[in-house]
Protein chains: 2
Amino acid sequence: MATGRTHRPATRSRGIPEATVARLPLYLRALTALSERSVPTVSSEELAAAAGVNSAKLRKDFSYLGSYGTRGVGYDVEYLVYQISRELGLTQDWPVVIVGIGNLGAALANYGGFASRGFRVAALIDADPAMAGKPVAGIPVQHSDSLEKIIQENGVSIGVIATPAGAAQPVCDRLVAAGVTSILNFAPTVLTVPDGVDVRKVDLSIELQILAFHEQRKAGEEAHTDGAGPAAATREGSDDSADQGPDGDVPAVMPA
Amino acid sequence: MATGRTHRPATRSRGIPEATVARLPLYLRALTALSERSVPTVSSEELAAAAGVNSAKLRKDFSYLGSYGTRGVGYDVEYLVYQISRELGLTQDWPVVIVGIGNLGAALANYGGFASRGFRVAALIDADPAMAGKPVAGIPVQHSDSLEKIIQENGVSIGVIATPAGAAQPVCDRLVAAGVTSILNFAPTVLTVPDGVDVRKVDLSIELQILAFHEQRKAGEEAHTDGAGPAAATREGSDDSADQGPDGDVPAVMPA
DNA sequence: TCGTGTGAATGGATTCACAGCG
DNA sequence: CGCTGTGAATCCATTCACACGA
């Protein structure tokens with residue numbers, strides 16, 4: 001916060017569509033790669049291909065941010081990287097806590113993508129006293145007794161839950177009570193939170209089940225498959241439709 | 001996702017909306033919990049609450065499967081568990097391979113939810129020769145040289161990629177060439193696959209960035225949190241737009 | 001009576017197609 | 001010209017509201 005810069009001509013409508021927001025990180029990643037290769041500009045067509053979407057969608061998405069391109073030329077890579085980063089709030093640093101340092105929590109802590117852009121693992125928290133003090137990814141695990149203190153001292157507003165399913169809601173409640181307003185949930189449970197708190201979930205078994213559904217449909221339809229591939233539903237590159245809740249839960253134990 | 005041109009009379013209730021398919025696993029999980037508590041029937045209202053959606057949506061979703069409820073009463077839990085399982089293809093066993101047994105791959109292999117319902121880890125594959133033979137989650141890791149053989153011998157059609165970003169596309173290509181038609185990708189890369197192959201992605205940094213976007217918007221708007229908003233639901237959907245900025249001001253500088 | 005099942009209304013997101021500018 | 005930016009058309013999803021049946 002602390003952005004006093006709340007002001008704008010509001011040339012365009014306020015409020016970027018959720019579907020667009022979900023794609024901005026994808027564009028940003030593609031742009032960063034281009035930037036590292038010192039590519040100065042890209043067309044919507046090229047960038048769209050790199051991000052796995054179609055160009056009309058990309059141009060529409062960018063139109064919500066403003067007119068950052070040059071007709072007949074394309075987009076300036078560096079400039080766009082900056083604009084999208086700012087729009088996503090990545091020009092500031094977000095301290096994050098990970099709660100539940102089991103297999104998954106440890107994997108997340110070790111994940112390099114955290115630090116890379118705007119996020120910083122402020123603390124690792126686990127309920128097991130035996131874990132306390134043990135360093136994971138170079139960060140000492142702290143006991144969950146001090147969860148509230150850790151949140152407050154570090155000004156944490158984003159929490160990652162990687163506990164077993166049963167512990168997720170209680171942990172969530174404590175995080176929220178301590179001031180966290182955004183939660184990324186890896187536990188296979190539906191979390192209930194007060195208004196104003198955002199929750200996104202990542203659930204492995206849901207993703208697998210969705211794949212199984214399509215897989216089954218393919219199998220039941222190999223009726224007219226001449227030498228070539230199946231003529232069933234498919235998609236191009238890799239653009240998940242409007243799905244915004246990929247999942248991949250990993251915590252163990254769960255009635256289901 | 002791209003849907004091919006499915007020109008076909010549709011055998012009846014075939015053609016369940018993608019958004020509905022994505023929610024079926026959620027309903028299934030809630031139903032399984034009820035089943036374990038020996039609850040015989042549920043109303044759409046109750047089940048919807050447990051799954052974190054609203055009842056109208058749930059009823060509409062179920063209407064695509066058929067008329068499995070009883071007016072004035074609700075749904076038979078056991079029967080619905082069976083119907084949804086069958087619809088999702090979980091009445092059969094899906095062998096799955098996990099490629100890339102690093103921190104994340106190991107965490108996935110240890111995830112209990114795999115075996116629980118329809119899925120079975122058929123093999124763990126890694127490119128590091130030092131890993132070969134080492135058991136992870138009780139399953140010996142195999143070297144990626146034999147990837148094709150493993151896929152074919154086990155009749156694997158679903159693959160999970162948990163490799164570093166750089167290895168993901170090559171691995172994906174090999175999986176597809178060997179016969180895999182559904183891929184769950186944990187690597188932060190856009191995968192390109194032929195038609196007929198489904199890809200779903202799980203991407204930590206994208207999720208965090210989406211949360212950061214909303215977090216930033218909340219921060220920039222802490223002017224009137226007067227709760228003017230109409231009581232909103234408190235669930236964790238994939239949607240859930242935090243507060244809606246009345247006339248928001250999202251910092252979005254614009255160039256010329 | 002009560003809760004399901006569903007047409008109709010609404011709202012979003014994607015795609016089309018082309019005007020407009022560099 | 002080429003490519004962006006965007007109204008208009010289309011498609012999909014959610015919500016409403018009520019008839020219908022156990």
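Start by selecting DNA strand D and the atoms of it that lie within 4 Å of the protein: 63% of them belong to sugar or phosphate, and the rest to bases. Keep in mind as you click around that this is a predicted model.

Next, bring up the protein around that strand. You should find 26 residues surrounding DNA strand D, and the closest are S44(A), Y75(A), R23(B), N54(B) and R71(B). Try colouring this surface by class: five residues are nonpolar, eleven polar and ten charged.

Now zoom in on the phosphates. Pick Y75(A), where a polar side-chain atom sits 2.9 Å from a phosphate oxygen of DNA strand D. At G69(A), look at the backbone instead: an N or O atom there is 2.9 Å from a phosphate oxygen of the strand. Then hop over to chain B and select A19(B), which has a backbone N or O atom 3.5 Å from a phosphate oxygen of DNA strand D. Zoom out a little to see the elements that give two or more residues to this surface: α3 (55–65), β2 (69–70) and β3 (74–76) in chain A, plus α1 (18–36) and α3 (55–65) in chain B.

Select residues 26–65 of chain A next. An unreviewed UniProt entry annotates them as "DNA-binding region". This stretch is 75% helix and 5% strand, with its end C-alpha atoms 15 Å apart.

Last stop: helix α9 (residues 204–219) of chain A, where you'll find E207(A). Is E207(A) buried or exposed? It counts as buried, because its relative accessibility is 0%. Show its side chain along with that of R200(B), and you'll see a polar contact of 2.2 Å joining the two.

Definitions and conventions:
Residues are numbered from 1 along each chain as its sequence is written. Chains are lettered from A and ligands numbered from 1 in the order in which they are written. This is a predicted model: local features need pLDDT of at least 70, side-chain atom pairs count only at pLDDT 80 or more; totals for chains, interfaces and linings use all residues. Side-chain values use heavy atoms; hydrogens and water are left out. A residue is near a molecule or strand if one of its heavy atoms lies within 4 Å of it. A polar contact is a pair of N or O atoms within 3.5 Å; within protein, one must be able to donate a hydrogen and the other to accept it, and residues adjacent in sequence count only if both atoms are side-chain atoms. Helices (H or I, at least four residues) and strands (E, at least two) are DSSP runs, numbered from the N terminus. Ala, Val, Leu, Ile, Met, Phe, Trp, Tyr, Cys and Pro count as nonpolar, Asp, Glu, Lys and Arg as charged, and the others, Gly among them, as polar. UniProt positions are given in the numbering used here, feature names are shortened, and annotations may be inferred rather than shown by experiment. Buried means under 20% relative accessible area, exposed over 50%, partly exposed in between (1.4 Å probe, protein chains only).
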